[in-house]
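Q: I'd like a close look at one part of this model, starting with a helix and whatever packs around it. After that, keep going outward to the pockets, the cavity and any loop details worth a look.

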Amino acid sequence: MQRPDVIALRQFYSAALGRKVKQRLRHILLETWPEHEGETILGLGYATPLLRALERAQGKRAAIIAGMPAAQGAIYWPIHTDNRSFLMNEQNLPLRDNSVNRVVMLHMFEHCHEPEKLLAECYRILVPGGRVIIIVPNRRGVWQSLGETPYTQGTPYRSSQLKQLLNAEEFTLREMRTALFALPVAHPIMLRIWEMWERLFGLICWGMGGVVVIEAEKQIYAAIPEPVFKKKRQARWSGAAVSAG
């Protein structure tokens, strides 16, 4: 299905239903990343609704930038200061190796034709111990098939599929959950009971949320050196053999 453009995405998050979605995802992001002072954070896709929450939490003590794919289009962000958004190719991110502390993806992964290459690029630019959060439509949830929202477009994923892709690119899984249990309906009654619905069904149907939110970490493991005693023992044995000769 066709990818939503940046104008459609901005209109969705400006409307009543989109504001509820934005509020819920912001809460999860700040709960997962309560501290990010002095870090470099990259948003990929249309992550600006979430990046704004991170910026408010830390002010100018975190360097936050937004990369938007050419097929989607880009907007000026943030509107209150110098632009920090840019067009990019997800298979060749214009950033140096080990230059970013955290990456958050929204409306990105489900539209990527080669997700392995995107994850490899994220691994390349992340510092050791850097983290990535991916928010993607849940194949088991109703948001990917019901209503007219950006979450009905692109390829939905199961949590097991995401885990497999992350493991293949050497990421270590930290946390996984689903969210958006309320129906994707902008009716006033649904909007009034949104929080109650989210809490109730989050308890009894925790795997059936409209999106999967998964956090992973880039971990670098040191190689185990060859034991020195083996080399010494070989050297003594060679010396003994020469003496005997």
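A: What follows starts at one helix and works outward.

This is a predicted model, so to speak: local features need pLDDT of at least 70, side-chain atom pairs count only at pLDDT 80 or more, and totals for chains, interfaces and linings use all residues. Residues are numbered from 1 along each chain as its sequence is written, and side-chain values use heavy atoms, with hydrogens and water left out.

Let's take helix 2, residues 16-32 (helices are DSSP runs of H or I with at least four residues, strands are E runs of at least two, both numbered from the N terminus). Its packing partner here is helix 1, residues 6-14, with the two axes 5 Å apart and at an angle of about 85°. That makes helix 1 roughly perpendicular to helix 2 (the word covers 65 to 115 degrees; under 35 is roughly parallel, over 145 roughly antiparallel, and the rest oblique). The axes are lines fitted to C-alpha atoms, for helices over the stretch in contact, and the angles run from 0 to 180 degrees between N-to-C directions.

On the helix 1 side, F12, Y13 and S14 do the touching; on the helix 2 side they meet A16, L17, G18, R19, V21 and K22 (contact means heavy atoms within 4.5 Å). By class, this contact between helix 1 and helix 2 has five nonpolar, two polar and two charged residues (Ala, Val, Leu, Ile, Met, Phe, Trp, Tyr, Cys and Pro count as nonpolar, Asp, Glu, Lys and Arg as charged, and the others, Gly among them, as polar).

Helix 2 also holds K20. Skip the neighbours within four places in sequence, and K20 is in contact with L191, W194 and E195. With E195 there is a side-chain to side-chain polar contact of 2.9 Å (a pair of N or O atoms within 3.5 Å; within protein, one must be able to donate a hydrogen and the other to accept it, and residues adjacent in sequence count only if both atoms are side-chain atoms).

Now the pockets, where helix 2 turns up again. Helix 2, strand 6 and helix 7 (194-204) each supply at least two residues to the lining of the second largest pocket, and helix 7 gives the most, with six residues. (On a 1 Å grid over the protein atoms alone, a pocket is an open set of points with protein on both sides within 12 Å along at least five of seven lines, a cavity is a set where a 1.4 Å probe fits but cannot get out, and lining residues have an atom within 4 Å of a point.) The volume of this second pocket is about 320 Å³ (the space filled by probe spheres set on the points, which are joined across faces, edges and corners). Its lining has 14 residues, and R24, H27, F181, E198 and R199 are the closest to the centre. Sorted by class, the lining has four nonpolar, four polar and six charged residues.

The largest pocket holds about 390 Å³ of space. Helix 1, helix 2 and helix 3 (48-58) each supply at least two residues of its lining, with helix 3 giving the most at four. Of the 16 lining residues, Y46, T48, R52, W77 and I79 lie nearest the centre, and the whole lining divides into eight nonpolar, three polar and five charged. W77 has a backbone detail too: the peptide bond from W77 to P78 is cis, with omega near -5°. P78 itself lies in the loop between strand 2 (63-69) and strand 3 (85-88).

There's one cavity of 30 Å³ or more. The largest cavity is lined by T32, I133, E175, M176, R177, V213, I214 and E215; strand 6 (171-179) and strand 7 (211-218) are the elements that give two or more residues to that lining. About 50 Å³ of space lies inside, and the lining residues are four nonpolar, one polar and three charged.

Last, the loop between strand 3 and strand 4 (100-106). N98 lies in this loop, with a positive phi near 50°, in a residue other than glycine. S99 is in that loop as well, and a polar atom of the S99 side chain lies 2.6 Å from the backbone oxygen of R96. Not counting residues up to four places away in sequence, S99 touches T40, I125 and V127. The C-alpha atoms of S99 and L126 are separated by 6.0 Å, though the two are 27 residues apart along the chain.
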